[in-house]
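This report describes how strands and helices are arranged in one chain. The sheet is treated before the helix pair.

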Amino acid sequence: MTSLDGSLDQLPTARPDGPTSSSGPKIQLRQIRKQFVVRKQIVEAVQQTNIDIPDGQFVCLVGPSGCGKTTLLRIVAGLESPTSGTIHVERTGGNRPTNAMIFQQESLFPWKTVWDNVEFGMKMRGIDRAERRERTQDWLSKVGLLRFASAYPYQLSGGMKQRVSIARAFALDPEILLMDEPFASLDQQTKLLLQEELIRIWADTGKTVIFVTHNIDEAVVMGDRVIVMTAHPGRIKDEVLIDLPRPRDPMGIRTDPRYIELTQEIWHLLRNEVLLARTQEEGQV
């Protein structure tokens, strides 16, 4: 096992029907704590958090607003440093980036075409032109946007923009994919289509995924495992194994009695945390 900047011998690749086992977790968080200074006051965003994630697992983080889900994701991404605690990632070696992140809000360059947006990260990493072209064409084809390669972001719908973001992230071939409520701002029909698309792509690639969402339904449909966080300050309250079979049909799985049991179990864990978060927002505690 190594730090975020280290490397290790190659690990087994995840199977399309779920993660494989390895000698240790792909991602290991130990006693992660994050504090911010707000108006000269110390605010504890994340508190004593421990998580192990196996290689190839699709993990969903759920919790009330302001519980530190995004902060935790940014710490894993290296965009924030923890106040204390350690993060380790078991690397497969080579030139692959450790992670790529997909945000809730549009993060495309408005002055670049769809093709150039997808190609950009690879160009920055020094990948040669022929390979960039091959990967860009492949991933735009996979997300159904090859005929929009010359379009600009302002010419695309919200769902199409997120498909470009997904293509850009996967084209980098990262070891870990980090997603921060990527479908939250989309209409329901588009969201359902992108859920299906992401499940298919994940099954094909076996990436390790951490997916932040407020949506219990989305977490159960997408994830192998759902980690439930408490209200502020955020810490791990519990986790739920999503033992629904793969490959999954997102619409069909919603009629499975086990799906209903799992959504109810997660809501039972979350309900009091959501009420506490609301009370905190109203300034009563």
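Strand 1 (residues 27-38) and strand 2 are joined by nine bridges and run antiparallel. Within this pairing, Leu29 stands opposite Ile51 of strand 2. The model is a predicted one.

Strands 1 and 2 belong to an open sheet of three strands, whose order is 2-1-4 and whose pairing is antiparallel. Strand 2 and strand 4 are the edge strands, each pairing on one side only. On average, neighbouring strands of the sheet are turned by 25° against each other, direction ignored. Helix 1 (residues 69-77) packs on this sheet and touches strand 1, strand 2 and strand 4. The direction of helix 1 makes about 120° with that of strand 1.

The edge strands span these residues:

| Edge strand | Residues |
|---|---|
| strand 2 | 41-53 |
| strand 4 | 84-89 |

A second packing involves two helices. Two packed helices are described by the angle between their axes and the distance between the axes. For helix 4 (residues 158-171) and helix 5 (residues 188-205), the axes come within 11 Å and cross at roughly 10°. Angles under 35 degrees count as roughly parallel, so helix 4 is roughly parallel to helix 5. Their crossing is right-handed.

On the helix 4 side, the contact is made by Gly159, Gln162, Arg163, Ile166 and Phe170. Helix 5 contributes Thr190, Leu194, Glu197, Leu198, Ile201 and Thr205. By class, this contact has five nonpolar, four polar and two charged residues.

Note on methods. Residues are numbered from 1 along each chain as its sequence is written. This is a predicted model: local features need pLDDT of at least 70, side-chain atom pairs count only at pLDDT 80 or more; totals for chains, interfaces and linings use all residues. Side-chain values use heavy atoms; hydrogens and water are left out. Axes are lines fitted to C-alpha atoms, for helices over the stretch in contact, and angles run from 0 to 180 degrees between N-to-C directions. Helices (H or I, at least four residues) and strands (E, at least two) are DSSP runs, numbered from the N terminus. Angles under 35 degrees count as roughly parallel, over 145 as roughly antiparallel, 65 to 115 as roughly perpendicular and the rest as oblique. A crossing is left-handed if the near helix is turned anticlockwise from the far one by less than a right angle, and right-handed if clockwise. Contact means heavy atoms within 4.5 Å. Ala, Val, Leu, Ile, Met, Phe, Trp, Tyr, Cys and Pro count as nonpolar, Asp, Glu, Lys and Arg as charged, and the others, Gly among them, as polar. Two strands pair if DSSP finds at least two bridges between them.
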